[in-house]
Amino acid sequence: MKEFYNEGRFSNADRIERYSKPVVNCDDLNKSEEFDVIVIGGGIAGCAAAISSARAGARTLLIEKLIFLGGLATAGHIVIYLPLDDGYGHQVIAGLSEELLHLSVKYSYQKSMIGCGESRKRYEADFNGPAFSLALEELVIQSGVNILYDTVFVGSVLDESKVTGIIVENKSGRHLYKCAAVVDASGDAELFARAGVDCISRENSLAIWTYITKGEAKMVSKRGSFFEQGLMLLAMGSADEKSKRVYYGDTAEEINKFIKEGHKQLLSLLKADRTLTLASLPSMAQLRMVRRICGKYTLSDNDISQHFYDSIGVAGDWRKPAPVYEIPFRTLYSSKLSNVFAAGRCISAGGDAWEITRVIPVAALTGQVAGIAAAIIAEKHIDICDIDIYALQAALTNAGVLIRADF
């Protein structure tokens with residue numbers, strides 16, 4: 001298995017024993033409300049999952065460890081809503097992902113957002129992170145979702161293969177929220193890993209995106225709507241490939257190394273150029289890929305332009321014009337958990353397919369699918385294996401999702 005993926009490491013071989021044990025006696029927990037669907041993580045995937053679940057009629061709880069929504073897109077300063085097209089003039093992602101694209105620039109200056117077509121320009125946008133976060137919160141609340149900020153996921157309650165409750169911790173102590181279905185949009189498959197599902201971690205190189213002004217009036221010419229306000233989005237990494245360090249994001253030790261080394265290099269930059277003024281720091285580790293599930297099906301580089309009977313959407317290559325990937329529903333779940341979906345960068349995709357599917361537009365797409373599917377489970381009291389894929393595809397089509405690459 002490890003040789004087949006050849007992209008990282010299994011992250012939970014030494015963690016299943018530790019994480020599968022009850023964190024605390026459930027009888028000692030504060031018993032809280034019961035929900036149809038609980039979404040872990042308020043990034044783009046989690047917001048999309050929560051919105052679509054609530055719109056489908058499910059009583060939905062969104063758990064977020066920070067105090068605002070958006071994940072890497074906002075807290076991580078990755079303020080580029082990447083393309084919804086294939087680079088050849090065909091839109092391949094629609095539905096809630098397109099709705100969130102327009103939402104990202106609703107309350108802020110918009111530099112560029114161009115629909116795909118004869119111009120061959122990409123359907124994308126640069127956005128203001130804080131404004132997008134506030135817009136997300138407004139939409140999530142308007143959709144009927146309950147948001148629980150400043151709350152950390154601790155563990156789950158398992159009844160054989162079914163997660164019947166989520167354990168969280170916040171200022172009021174530890175709480176147990178019962179549920180019928182769960183969406184793991186944590187960005188690193190936190191629920192899956194702690195429940196003993198096979199996961200793979202992938203290495204990251206050092207990078208830090210932040211806002212810097214240069215001098216009092218000078219502006220640094222870089223891509224993005226912020227730069228006309230004198231702000232620069234800075235990507236940093238080791239210039240010497242031979243000395244480049246590899247960072248995984250599946251342990252506290254690795255995350256701390258990543259954060260501290262990024263801070264050290266950023267401080268070195270400020271020391272070297274006293275005309276620079278640091279405007280902000282990211283409020284989360286900006287790891288590109290952390291940990292993803294080994295799902296019922298793993299999307300691979302061999303699946304370019306392939307059709308799947310259970311396709312639930314399409315992903316284009318955000319880096320260049322290229323053929324697209326259809327995404328099978330089976331990449332969103334594991335056979336080991338009967339009512340839990342992955343959404344965002346932790347779906348089951350390997351190799352370059354992971355690179356293609358980890359970004360904002362696809363995160364919103366898989367979040368929308370996971371939210372609708374979770375609502376179906378809650379309503380019908382069924383397991384994932386009992387979902388009628390054709391009925392799900394019809395629901396997605398009605399919600400504006402382009403489920404196949406038919407062009």
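This report describes the fold, the nonpolar cores, one helix, two loop residues and the cysteines of a predicted model.

The chain holds ten helices and 17 strands, and of its 407 residues 56% count as buried. Among contacts between residues at least 6 apart in sequence, 72% join residues that are at least 24 apart. The accessible surface of the chain comes to about 17,700 Å², and carbon and sulfur atoms account for 51% of that area.

**Nonpolar cores**

The largest nonpolar core has 107 residues, and the members that touch the most other members are Leu 100, Ile 166, Phe 329, Phe 341 and Leu 392. Helix α9 (residues 360-380) supplies the largest share of this core, with 14 residues. Apart from this core lies another, made of six residues, among them Leu 206, Phe 258, Ala 285 and Val 290. Beyond the residues up to four places away in sequence, Leu 100 touches Ile 44, Ala 48, Tyr 81, Phe 132, Leu 136, Leu 139 and Ala 364.

**Helix α5 and its surroundings**

Three of those partners of Leu 100, namely Phe 132, Leu 136 and Leu 139, are listed with Gly 129, Ala 131, Ser 133, Ala 135 and Val 140 as buried residues of helix α5. Helix α5 (residues 129-142) has 14 residues, and the span of 20 Å from its first C-alpha to its last is close to the 20 Å expected at 1.5 Å a residue. The buried residues of α5 pack against two helices, α3 (44-55) and α4 (96-104), and against the strands β3 (60-63), β4 (80-81) and β6 (146-148). At the start of α5, a side-chain oxygen of Asn 128 reaches to within 2.8 Å of the backbone nitrogen of Ala 131, while just after the helix Gly 144 takes a positive phi of about 95°.

**Two buried loop residues**

Asp 310 is found in the loop between β14 (291-293) and β15 (311-315), and Asp 310 counts as buried because its relative accessibility is 2%, under the 20% cut-off. The side chain of Asp 310 is joined to that of Arg 330 by a polar contact of 2.7 Å. Not counting residues up to four places away in sequence, Asp 310 touches Ile 327, Pro 328, Phe 329, Arg 330, Ile 389 and Gln 393; of these, Phe 329 is among the residues with the most contacts to other members of the largest core.

Thr 331 lies in the loop between β16 (325-328) and β17 (340-342), and Thr 331 is buried, with a relative accessible area of 1%. Leaving aside neighbours within four places in sequence, Thr 331 is in contact with Ile 293, Tyr 297, Leu 299, Ile 347 and Ser 348.

**Cysteines and burial**

The count of disulfides comes to zero. The closest cysteine sulfur to that of Cys 294 belongs to Cys 199 and is 6.5 Å away, which is too far for a bond because a disulfide needs sulfur atoms within 2.5 Å. Burial is not shared by the two cysteines in the table, since Cys 294 is buried at 12% and Cys 385 is exposed at 65%.

The relative accessible areas of the residues discussed above are set out here.

| Residue | Relative accessible area | Class |
|---|---|---|
| Thr 331 | 1% | buried |
| Asp 310 | 2% | buried |
| Cys 294 | 12% | buried |
| Cys 385 | 65% | exposed |

Definitions and conventions
Residues are numbered from 1 along each chain as its sequence is written. This is a predicted model: local features need pLDDT of at least 70, side-chain atom pairs count only at pLDDT 80 or more; totals for chains, interfaces and linings use all residues. Side-chain values use heavy atoms; hydrogens and water are left out. A nonpolar core is a set of buried Ala, Val, Leu, Ile, Met, Phe, Trp, Tyr and Cys residues joined through side-chain atoms within 4.5 Å. Buried means under 20% relative accessible area, exposed over 50%, partly exposed in between (1.4 Å probe, protein chains only). Helices (H or I, at least four residues) and strands (E, at least two) are DSSP runs, numbered from the N terminus. Contact means heavy atoms within 4.5 Å. Accessible areas come from the Shrake-Rupley method with a 1.4 Å probe; for residues, only the protein chains shown count as cover. The expected span of a helix is 1.5 Å times one less than its number of residues. A polar contact is a pair of N or O atoms within 3.5 Å; within protein, one must be able to donate a hydrogen and the other to accept it, and residues adjacent in sequence count only if both atoms are side-chain atoms.
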